[in-house]
Amino acid sequence: MSKFVGCLLFSLIFALPAASPAQVDASGHQLARDIFKQLVEINTTQSVGSTTTAAEAMEQRFLQAGFPQQDLYLGGVNNRNGNLVVRYHGTGAKPPILFICHLDVVEAPREQWHTDPFKFVEKDGFYYGRGTQDMKDNDAILVASFILLHKQHYHPDRDLILALTADEESGKYNGVAWLLKNHPDLMKAGYVLNPDGGGVDLVNGKPISVDIDATEKLYGDYQLVATNPGGHSSLPVPDNAIYHVADALGRVQKFKFPFELNAVTRAYFQRLSAVETGQNAADMKAILKPNPDPAAIARLSENPVWNSMMHTTCVATRFNSGLANNALPQRAAAIVNCRVLPGYTLRQIQQQLIRVVNDPKVTVNYAANTGGVLATAPDKKQHPPVAPNPEIMSAMDKLAAKMWPGAPVIPTMATGASDSIYTLAAGMPSYGISGIAIETNDVRAHARDERLPVKSFDRGLDFYYQFIHLLTTQN
Ligand SMILES: [Zn+2]
């Protein structure tokens, strides 16, 4: 025991100062908080806001911190949807890391909130305001991390690029897509970190897991539609648009897309099987084997999250039909929303739905997110994911053990889409990573009275600051 203590003492005195990344001090936390307040109070909604205003404010901060003008790019498709790209120069020993952070927020009707959503209010240990969870918290954390590292003359082993962008939530001028198309050189990186995904799940203050979004499913809406001549409901005929579409939906409901794992969902179940117990742990181990046990798949599929990790899913979300209570319907149309596993195109899913529906009276169209309906779905697909980057996993394991002891780091496949969809399509592996810890029953992104614990924000800064440090000094 004394030998151990001696060892510990030795490492405390001699080893730790060199090995451990510097911490963020009180003035660093104050800086991040000031930036957070400034960003929340700049309205960046689609209706009346401007990401350009926010981008310009951040540009000023970088200039004041000593970043040269030529390392800052401000621009966009118009003067309301501006983006800022900042380059922090490193040694160039490795390809750059690109951080993508959207500046826009969803609408926040004042009358639905207890506080002004565009005032940064601190109350009862929380920060309130639109964007406090999604994602002006991490915008501020990344801006502050860059400025603090720069202030300390930190020289990373590669360039760090921060893109603060427009139109992630809605609108047609997505900043990441626009920058990749118009300024690919500014965005070129070895991989992408997107703090819009991932994060730490808390239950009653206890960290349960540290999630990394390592790939994403693809979003696709399909319209099932049938038409009839109509007529008086007192004289019904068998050919009825509502019955056709309803029967088709029944077949969609019964159909299960095949079980499939990829490099990320394998890692997900591997790591989860180590913390789960009993039947769940046994089933997870069973599905990782070459010939997975169908009974294990069926049991795990009863959990909606695990089900979504193993299958493409399609579910009815809307139904419109009929003109009057006493008229035969001339038209019935339903929307089926699909979340598609990487590797499959939206068109392949459409063809599969046509086979499942199996009724020439029901047409299966693709419902584009622009509002239009297309007879043929696009050929778009999410690239099959690669195994999570070991450099990232090792840095995450180290930091998580220190900051959230006992909570496993779990790579996951996001079931919704983020801006990573554009960077993935550009061939850059992209990871949703955040040090923000939120109670699983207090997720308020897009909701009223959006709020973030003060402590989560402070620790979120501690996390990203050290994470960047660890990633870019490892070798
Ligand atoms: Zn977001």
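The following paragraphs describe a zinc site, two helix pairs and several backbone features of a predicted model.

The model is a prediction, in which local features need pLDDT of at least 70 and side-chain atom pairs count only at pLDDT 80 or more, while totals for chains, interfaces and linings use all residues. Residues are numbered from 1 along each chain as its sequence is written, and side-chain values use heavy atoms, with hydrogens and water left out.

The zinc ion is coordinated by NE2 of His 102, an OD atom of Asp 134 and two OD entries of Asp 196, at 1.9 to 2.6 Å; donors here are N, O and S atoms within 2.8 Å of the metal (3.2 Å for Na, K and Ca), and since water is not among the atoms, sites may look incomplete. Along the chain, these donors follow the spacing H-x31-D-x61-D. His 102 belongs to strand β3 (residues 97-102), whereas Asp 134 sits in the loop between β5 (126-128) and α4 (136-151), so that the pair ties together parts 32 residues apart in sequence. Helices (H or I, at least four residues) and strands (E, at least two) are DSSP runs, numbered from the N terminus. The angles among the 4 donor atoms run from 53 to 149°, and the site is irregular, a label given to anything that is neither tetrahedral (four donors, all angles between 85 and 135 degrees) nor square planar or octahedral (four or six donors, respectively, with opposite donors over 155 degrees apart and all others between 65 and 115). Both His 102, at 2% relative accessibility, and Asp 134, at 9%, are buried, where buried means under 20% relative accessible area, exposed over 50% and partly exposed in between (1.4 Å probe, protein chains only).

Asp 134 is also joined to Met 135 by a cis peptide bond, with omega about -15°, and Met 135 is placed in the loop between β5 and α4. Most residues other than glycine have a negative phi, and most peptide bonds are trans. Positive phi values occur at His 153, near 55°, in the loop between α4 and β6 (160-165), and at Asn 204, about 50°, in the loop between β8 (199-203) and β9 (206-216). His 153 is exposed at 71% relative accessibility, and Asn 204 is likewise exposed, with a relative accessible area of 75%.

Two helix pairs were examined through their axes, which are lines fitted to C-alpha atoms, for helices over the stretch in contact, with angles running from 0 to 180 degrees between N-to-C directions. The axes of α2 (residues 26-40) and α3 (residues 51-64) come within 10 Å and cross at roughly 155°, and the two helices are therefore roughly antiparallel, given that angles under 35 degrees count as roughly parallel, over 145 as roughly antiparallel, 65 to 115 as roughly perpendicular and the rest as oblique. Their contact is made by Leu 31, Asp 34, Ile 35, Gln 38 and Leu 39 of α2 and Ala 54, Ala 57, Met 58 and Arg 61 of α3, contact meaning heavy atoms within 4.5 Å. The axes of α7 (residues 241-254) and α12 (residues 346-357) come within 9 Å and cross at roughly 115°, which makes α7 roughly perpendicular to α12. In this pair, Ala 248, Arg 251 and Val 252 of α7 meet Leu 353, Val 356 and Val 357 of α12.
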